[in-house]
Structures are given as C-alpha cells and as structure tokens.
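User: Could you take a close look at the ligand site in this one and walk me through what surrounds the ligand? I'd like one connected answer, please.

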Amino acid sequence: MAALIDKHGRPITDLRIAITDHCNYKCVYCRTGNDGAMYADLPFSDYLRMARLFAGLGIKKIRITGGEPLLRRGVVEFVRELSKLHTVDGEPLDLAITTNGHLLAEMAQPLKDAGLRRITVSMDAVDPDRFRRITRVPNGFACVLAGIRAAKRAALAPVKVNCVLMRGFNEDQIIPFGRFAREEGVVLRFIEFMPLEEDRVWSPNIVVTLDEILRRMAEYRPLVEIPHDRSETARRYRFDDGIGEIGIIAPVSHPFCSHCSRLRITSDGKIRTCLFSVWDHDLHELMRRGASDEELVAFIYSVVDRKEARHHIGEPDFVPPSRTMVHIGG
Ligand code: SAM
C-alpha cells in the first residue's frame, strides 16, 4: 500500500493514540479545576486494529497518550500487543508513552517487559510546592520523581521529562530543571504553552519562548546546539561539558508545521490531523458499522489529504480547536 503523504508533501510516520481522556491531574495549562472525561474510551482491540492499519501505511512510531494513559487498566497488555506489530520495513514499531508519571513507579518495569522502549514524563516544577500549585493535586511530586527513577532503573531509554512553562507559574524553574536534568540523567523538553487549555486563559504574554529559555539557561551553563533533524519537533542542546541534554519544543515562536509527520487518534476513535484542527474524522464510527480494512484505509487516505498546512496561533484568524489537549491526546 502507498505510504501516507499529505497534499503538502509531508510523509506521515508518527501516530499518537489517546486511550482515555480521563486524568487524575488538573494542570493549570491543560485542565479546568473540575473532573471530567468527556468522551468514551474504546476497547483496546479497536485501537489495536487502527494501529495495525496505520503500521501498514508507513507509521513508524506510536505514542500512547491521553488523558492519563496509565489510569487505563490493561495498558500493559496493550503495549505487549502493539509491540508485536511491525513497520512496512519489517522493523519493530518505536513505542513510547507520555504520562504524568503518578503511577509509573509500579508500572515502569512491567511496561518495559511488555515491549515499551521509551517514556516521556510530564513534570512542570522541581519544587514540590510549585508542582502542587500547577497540578492541583497533593503529594504528586514524590510519586512522579519515584516514577522517573523507576523508569531509569527499568532501562526505558531515554527517559524524557516534559515541562510546559507559563509565565507567573514556573518560569523560575528553568535553571533548577537544568540542574535536575544533569543530576538525574534525564532528557529535558521545555514546551511552549499552546492555546489548548480548558480554561481558555492563553495569551502570548504567558508563553515563555525558546529565546527566553535559552537566555536564562545560558546564565547557568553554556549550551551547545545539537544539529537539528528537520523532522524533530525539539531543538536540542547539550551543556558545554557534555553532561545533560535539554530540548525546546517551540510551536508558538518557531512553528515546525512544514515538517509535521503526526496524526492523532482520540480516545473515542476520531482522527485529528492537527492539534488545532476544527475537525474530527470519525474512524471508529466506520468500524462500528462494520467497514472492511480496505474501506478504513480509503478513509484514512482521504483524511490525510485534509491535513492542515499549519496552525494559526496568535494570528487574527485563529479559531480555537474543536477539542482541548486533554481530549485530543498530546
Ligand atoms: N497525562 C499525560 C501527561 O501528563 O503527560 C499525557 C497527556 S498530556 C495532554 C501530554 C502532554 O501535553 C504533556 O506533556 C503536557 O504537559 C502537554 N500539554 C498539555 N496542555 C498543554 C498546553 N496547553 N500547551 C503545551 N503543552 C501542553
């Protein structure tokens, strides 16, 4: 079957599957203070069928996300099943999970044994009080730190730590995070705050940009840029003594849409062609109605054809996406 290439010439090689939109954290840049999964989860067999179809269409990398994916009972078994799939070149899929890490201490080794290769843990402060203010849960910091250390012991490699910076909340954590990356041996990824939160508080002034992060981090130690593969979302740097790597994902100040290789599947089985899309494409509804693999593949090609050229964050014609991050899967 022909590989997935959109009408802008971008090969689609990276799929993110949200397996729930329920989350036990209420991070200020993502959730409201209320509880609330909004959409149904599907049986794992449905996600697995989708993954198998996408693997046959050139997908190389699958990231399991949510909501909080480790809340979903059966996730270890799902990873085991995914790890049996192959790319069109006969290679194992590159499998990863993004998690808040709250339940990771217990699950890191079982996930590794099931075939997971690497993990990204979200952690937005290295100061426990600040962490509580951002996540709005008590006692989370110790759990997440234990999760990160368990992931390292389980040889999930690399362990990446995602930090969303918001002015007024955690921009003073930049240098402490630099130290943390060096001491804990994790790869750090700062992410610019995007207008994807339920509370709709985003404004350009709250975004801590790539340039500012670099400036502040350089006050701690000089950084050396690592040559950038154009398909990578993060610009990567190492400290001058070679100890510790940081990356900056800068969709707001340095958009990388022209190299976007991603599609997302929401927990209720809709394809999303862009985080900022105003459309959902209902793959699961076709499955529910008994569509054959051939019909599903034809639908996937037609959806890829509608992938947006770029986002319009900060522009006068910006239209908020039809779902917020927790209901898409980051
Ligand atoms: N619950 C998991 C977690 O915490 O990593 C997975 C889902 S979460 C939506 C995935 C990633 O999206 C996290 O790293 C989170 O920090 C990031 N994220 C959420 N809202 C964001 C926003 N408004 N701007 C930038 N990143 C955001």
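Analyst: Let's start with T99: one of its polar backbone atoms sits 3.4 Å from an oxygen atom of the ligand. Bear in mind that this is a predicted model. Two side chains also come into play. In S122, an N or O atom of the side chain is 2.5 Å from an oxygen atom of the ligand, and in N162 a polar side-chain atom lies 3.1 Å from a ligand oxygen. On its own the ligand has 550 Å² of accessible area, and the protein covers 95% of that.

Who does the covering? The shell holds 19 residues, and the closest are Y29, G67, E68, S122 and M194. So S122 turns up twice here, once among the closest residues and once with that 2.5 Å contact. Sorted by class, the shell comes out as 8 nonpolar, 9 polar and 2 charged residues. As for secondary structure, the elements that supply two or more shell residues are β3 (94-99), β5 (159-165) and β6 (187-192).

Those three strands belong to an open sheet of 12 strands with mixed pairing, and its order reads β7-β8-β9-β6-β5-β4-β3-β2-β1-β10-β11-β12. The edges are taken by β7 (223-226) and β12 (281-282); each has a single partner strand, so one side of each has no neighbour in the sheet.

Back to the middle of that order, where β4 sits between β5 and β3. Strand β4 covers residues 118-122 and runs parallel to β5, with 4 bridges joining the two. If you want a pair to click on, V121 stands opposite V161 in β5.

Just ahead of β5 there's a backbone detail to check: the peptide bond from A157 to P158 is cis, with omega near 0°. P158 itself lies in the loop between α5 (140-153) and β5. At the other end of that helix, look at N139, which is not a glycine yet has a positive phi of about 60°. N139 is in the loop that links α4 (128-135) and α5.

One more spot while you have the model open is the second largest pocket, with a volume of about 160 Å³. Its lining is made up of C274, F276, S277, V278, E308, R310, H311, H312, D317, F318 and V319. By class, that lining splits into 5 nonpolar, 3 polar and 3 charged residues.

Technical notes:
Residues numbered from 1 in each chain as written. Predicted model: local features only at pLDDT ≥ 70, side-chain atom pairs only at ≥ 80, totals over all residues. Heavy atoms only, no water. 1 Å grid on protein atoms, 1.4 Å probe; cavity = no way out; pocket = protein on both sides within 12 Å on 5 of 7 lines; lining within 4 Å. Points joined across faces, edges and corners; volume = space filled by probe spheres on them. Nonpolar A, V, L, I, M, F, W, Y, C, P; charged D, E, K, R; others polar. Near = heavy atom within 4 Å. Polar contact = N/O pair within 3.5 Å; in protein donor to acceptor, adjacent residues only side chain to side chain. Areas by Shrake-Rupley, 256 points an atom, 1.4 Å probe, with all protein chains shown as cover. Pairing = 2+ DSSP bridges.
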